[in-house]
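Got a model open and want to get a feel for how its strands and helices fit together? Let's walk through it in questions and answers.

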Amino acid sequence: MEETRGDRKYKAVFFDWDGTAVLSRRAPVEKATAAMKPLLRQGIKLVIVSGTTIENIAGGRIEEHFTKQELENLYLGLGRGAFDYAFRDGKPYVFHDMLPDPDCLEKIHRICFEIHMELKREYGFDTDIVFSRPNYCKIDLMPEALRGDNLFMQADELELLKEKLCRHGIGSGLQGLMELAGRVGGQYGIRVKPTCDAKYLEVGISSKSDNVDAILGKIQEDGNGRAEEDTAGMKESGLQAADCAFWGDEFVGIEEGIFGSDSFMITEMTRDGAFFDVSEVSGKRPDGVVHCGGGVERFLAFLHSMQ
Ligand SMILES: [Mg+2]
């Protein structure tokens with residue numbers, strides 16, 4: 001199997017939550033936590049990297065599924081770059097955050113409203129905006145398409161969005177929307193990091209890239225701090241990106257050069273890792289991402305295979 005690269009075992013697994021570890025936010029989490037538990041016990045680092053906040057991971061009670069000792073090896077990178085958690089004494093704590101201050105958050109809100117107005121004015125293209133996130137806004141590009149409880153990208157959404165952009169005369173497509181976000185951000189003096197999963201254009205100042213970099217750094221630091229322990233074969237040099245697997249369901253390219261939110265897990269720091277996409281959606285992935293498909297079942301089978 002490609003994912004074990006011969007007999008080498010991964011020492012850390014970074015993974016998306018909705019659509020990768022669980023089917024939807026309300027689906028039971030027991031299958032996922034049962035697959036995670038033995039790995040945490042063995043000292044393998046598990047890192048949940050999700051755009052959502054902690055209340056939406058296992059109903060805000062992920063720690064109840066594990067022992068204090070198992071939790072030492074669990075990390076959460078949430079809010080698309082905003083919050084990075086480790087566990088101490090069985091409780092989560094934020095060890096790093098990238099929350100915008102109130103002034104910056106207000107600018108993000110204004111930027112998104114400007115984007116919404118420009119699309120409406122210039123192209124008659126209607127959007128909705130979700131303002132309630134602590135660090136970014138979600139611009140709903142297809143308010144007419146309801147996802148219900150399934151919050152991840154649906155197979156036909158890409159085509160629907162492309163058709164809609166075309167119909168409204170937005171010839172530059174998604175690239176044009178990203179540029180618009182960048183331009184409006186610039187007017188407010190903010191370097192925005194927009195992402196798009198076909199239904200939502202999300203605009204904030206951080207992304208999953210910030211989560212994985214901060215957590216990999218933290219694991220390396222912690223590992224170096226207690227090098228003698230040699231947990232899961234960790235040596236003095238600490239854990240390297242090449243020891244890590246990264247799993248998600250939104251790597252697919254929406255357009256040439258624009259990839260989904262999980263592609264942000266690929267950074268300068270993590271690029272030597274192994275990347276896997278469980279999505280069934282066809283399309284181009286970033287170079288090096290293995291498209292294995294199979295959804296949640298496929299990812300959980302991978303965790304089980306690591307025991
Ligand atoms: Mg997902």
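Q: How many bridges join S8 to strand S9 (residues 200-204)?
A: Keep in mind that this is a predicted model. S8 and S9 run antiparallel. The number of bridges joining S8 to S9 is two.

Q: Which residue in S9 is the bridge partner of cysteine 196?
A: S8 covers residues 195-196, so cysteine 196 belongs to that strand. Across in S9, its bridge partner is leucine 201.

Q: Which residue stands opposite glutamate 202 in S9?
A: S9 spans residues 200-204 and is joined to S8 by bridges. The residue standing opposite glutamate 202 is threonine 195.

Q: Which residue in the hairpin of S8 and S9 takes a positive phi near 90°?
A: This hairpin has three residues between the strands. The one with the positive phi near 90° is alanine 198.

Q: In what order do the four strands of the open sheet with S8 and S9 come?
A: The pairing in this sheet is antiparallel. Strand S6 (128-130) and strand S8 (195-196) each have a single partner strand, so they stand at the edges, with one side of each left without a neighbour in the sheet. The order is S6-S7-S9-S8.

Q: How many bridges join S7 to S9?
A: S7 and S9 run antiparallel. Aspartate 140 stands opposite tyrosine 200 in S9. The bridges joining S7 to S9 number five.

Q: How many of the five residues of S9 are buried?
A: Look at both faces of the strand: Tyr200, Glu202 and Gly204 sit on one side and are buried. Leu201 and Val203 sit on the other side and are buried too. The number of buried residues in S9 is five.

Q: What angle does the direction of H3 make with that of S7?
A: H3 packs on the four-strand sheet, where it touches S6, strand S7 (136-140) and S9. Its direction and that of S7 make an angle of about 15°.

Q: Is H3 parallel or oblique to H5?
A: The axes of helix H3 (residues 102-123) and helix H5 (residues 173-187) come within 9 Å. They cross at roughly 130°, and the crossing is right-handed. That angle makes H3, relative to H5, oblique.

Q: How many residues of the contact of H3 with H5 are nonpolar?
A: H3 brings Ile111, Glu114, Ile115 and Glu118 to the contact. H5 brings Leu180, Ala181, Val184 and Gly185. One of the contact residues is polar and two are charged, while the nonpolar ones number five.

Q: Why does leucine 46 count as buried?
A: Leucine 46 lies in strand S2 (residues 45-49). Setting aside residues up to four places away in sequence, it touches Val13, Met36, Leu39, Leu40, Asn73 and Leu74. It counts as buried because the number of its C-beta neighbours inside 10 Å is 21.

Q: What distance separates the C-alpha atoms of leucine 46 and leucine 74?
A: Along the chain, these two leucines are 28 residues apart. In space, their C-alpha atoms are separated by 5.0 Å.

Q: Which strands are the edge strands of the open sheet of eight strands?
A: This sheet has mixed pairing and the order S5-S4-S3-S2-S1-S10-S13-S14. Its neighbouring strands are turned by 25° against each other on average, direction ignored. The edge strands, each pairing on one side only, are strand S5 (91-97) and strand S14 (289-291).

Q: Which residue stands opposite histidine 291 in S14?
A: Three bridges join strand S13 (residues 274-277) to S14, and the two run parallel. Opposite histidine 291 stands aspartate 277.

Q: Which residue in the hairpin of S4 and S5 takes a positive phi near 55°?
A: Six bridges join strand S4 (residues 83-88) to S5, and the strands run antiparallel. Phenylalanine 83 has aspartate 97 in S5 as its bridge partner. With two residues between the strands, the hairpin has its positive phi near 55° at aspartate 89.

Q: What percentage of the contacts between residues at least 6 apart in sequence join residues at least 24 apart?
A: Zooming out, the protein has seven helices and 14 strands. Buried residues make up 44% of its 307 residues. For those contacts, the share joining residues at least 24 apart is 66%.

Definitions and conventions: Residues numbered from 1 in each chain as written. Predicted model: local features only at pLDDT ≥ 70, side-chain atom pairs only at ≥ 80, totals over all residues. Axes fitted to C-alpha atoms, helices over the stretch in contact; angles between N-to-C directions. Parallel < 35°, antiparallel > 145°, perpendicular 65-115°, else oblique. Left-handed = near helix turned anticlockwise from the far one by under 90°. Contact = placed C-beta atoms within 7 Å. Nonpolar A, V, L, I, M, F, W, Y, C, P; charged D, E, K, R; others polar. Pairing = 2+ DSSP bridges. Buried ≥ 20, exposed ≤ 12 C-beta atoms within 10 Å, placed from the backbone.
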